[in-house]
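Student: I am new to this structure and would like a close look at a single part of the model. Could you choose one helix, go through it with care, and then connect it to what lies elsewhere?

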Amino acid sequence: MFKITDKKIMIFLALFTVFVFLMDGFMEFPILTDNGLFSYISQDLLDGKSIYSTPDIKGPMVYIFNAAFMTLFSFLPNWLAIRVGMMVMSVALILLFYKVCLYFFKYRLIAIASCFVILSFDFFVQFASIGDPKILAVFFHIMCWYFISKKKYLASGASAGFAFLSWQPAGIVLLAPIIFSNVVENKIHFNYRNVAKSIVGFSISMILMLIYFVFAGAIDNFIQFSFILPIAYKSLFIERLTLSNFYIAFAYFGSELLFFVAAGLGFIYYAIK
């Protein structure tokens, strides 16, 4: 008799994720400007140059991971190596997400359905195909929640830090272990130890990146391109934001926004319950 187990479900989800990527034209998706830029800067890293030798305002983690993918799949062209690496990482993301949903909602069907919803997002395959840092940030975001489910707040804080170093706005995920450990786990009772662990974990990821840039002699580039220029860029974007642009953004990312709102309400329900 066939018995459904978590291992079989995860194998199915892994294969289904690869199927979705291939059916969505992952290998045929056109090479965009960002794809070339990420490949070029990651190649700088492999050539012994420091990150941001070629200027860009993305977080440094995306270049580290893309360089790792280019090394791991060196038999492929750089753009294809990044795509294959991102697909493998996306499989890991879906499997982690399944484990997180299973922990919070207890039912396998809900966890599987949640994975299907994420795979239905337009941005998922498209962003992965160019090595976009947002996919990496989501990966560390989910990893943060995974460690929260294991009550490993030091590791969850470090994951939040790496999410920030992938895509700066993702740094807000540091609030997840802080709020969860105090509101949910301790029934609205402040736990200094868990908060300290989360902040220390976040700080460790920052310190590790600072050490790299100090030894690379590029600490000024790190501060300028990871912090100062992104703030200036976002400020300019906000100034140009109009109601019509908001409608366009909602039309493009509407399902994603609704999903995360629903997920947030789900976690609030879990906390109240």
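Tutor: A definition comes first: the expected span of a helix is 1.5 Å times one less than its number of residues. Please also keep in mind that this is a predicted model. With that in hand, consider helix H5, which runs over residues 108-119 and so has 12 residues by the DSSP numbering of helices. From its first C-alpha to its last, H5 reaches 17 Å, which is close to the 16 Å expected at 1.5 Å a residue.

Now look at which residues of H5 are covered by the rest of the protein, where buried means under 20% relative accessible area. In H5 the buried residues are Ala-111, Ile-112, Ser-114, Cys-115, Ile-118 and Leu-119. These residues lie on the same side of H5, because they cover an arc of only 155 degrees around the axis.

Cys-115 deserves a closer look within this group, since its relative accessibility is 0% and it therefore counts as buried. The closest cysteine sulfur to that of Cys-115 belongs to Cys-101 and is 5.9 Å away, which is too far for a bond, given that a disulfide needs two cysteine sulfur atoms within 2.5 Å. The structure as a whole holds zero disulfides. Cys-144 is another cysteine that counts as buried, with a relative accessibility of 0%.

Helix H10, residues 192-216, can be read in the same manner. H10 has 25 residues, which should span 36 Å at 1.5 Å a residue, and its end C-alpha atoms are indeed 36 Å apart. Buried residues in H10 include Asn-194, Ser-198, Gly-201, Phe-202 and Phe-213. Val-200, however, which is also found in H10, is partly exposed, with a relative accessible area of 43%. Val-200 belongs to a nonpolar surface patch of about 770 Å², made together with Leu-154, Ile-204, Ile-207, Leu-208, Ile-211, Val-214 and Phe-215. H10 gives the largest share of that patch, seven residues. After H10 comes Gly-217, whose phi is positive, near 70 degrees.

Finally, helix H1, residues 6-23, holds Phe-21, which counts as buried at 0% relative accessibility. Phe-21 and Ala-128 are 107 residues apart in sequence, while their C-alpha atoms are 9.3 Å apart in space.

How values were computed. Residues are numbered from 1 along each chain as its sequence is written. This is a predicted model: local features need pLDDT of at least 70, side-chain atom pairs count only at pLDDT 80 or more; totals for chains, interfaces and linings use all residues. Side-chain values use heavy atoms; hydrogens and water are left out. Helices (H or I, at least four residues) and strands (E, at least two) are DSSP runs, numbered from the N terminus. Buried means under 20% relative accessible area, exposed over 50%, partly exposed in between (1.4 Å probe, protein chains only). The arc is that of the directions from the helix axis to the C-beta atoms. Patches are made of residues with over 30% relative accessible area and no salt bridge: like charges are joined within 9 Å, nonpolar side chains (Val, Leu, Ile, Met, Phe, Trp, Tyr) within 5 Å. Accessible areas come from the Shrake-Rupley method with a 1.4 Å probe; for residues, only the protein chains shown count as cover. A salt bridge is a side-chain nitrogen of Lys or Arg within 4 Å of a carboxyl oxygen of Asp or Glu.
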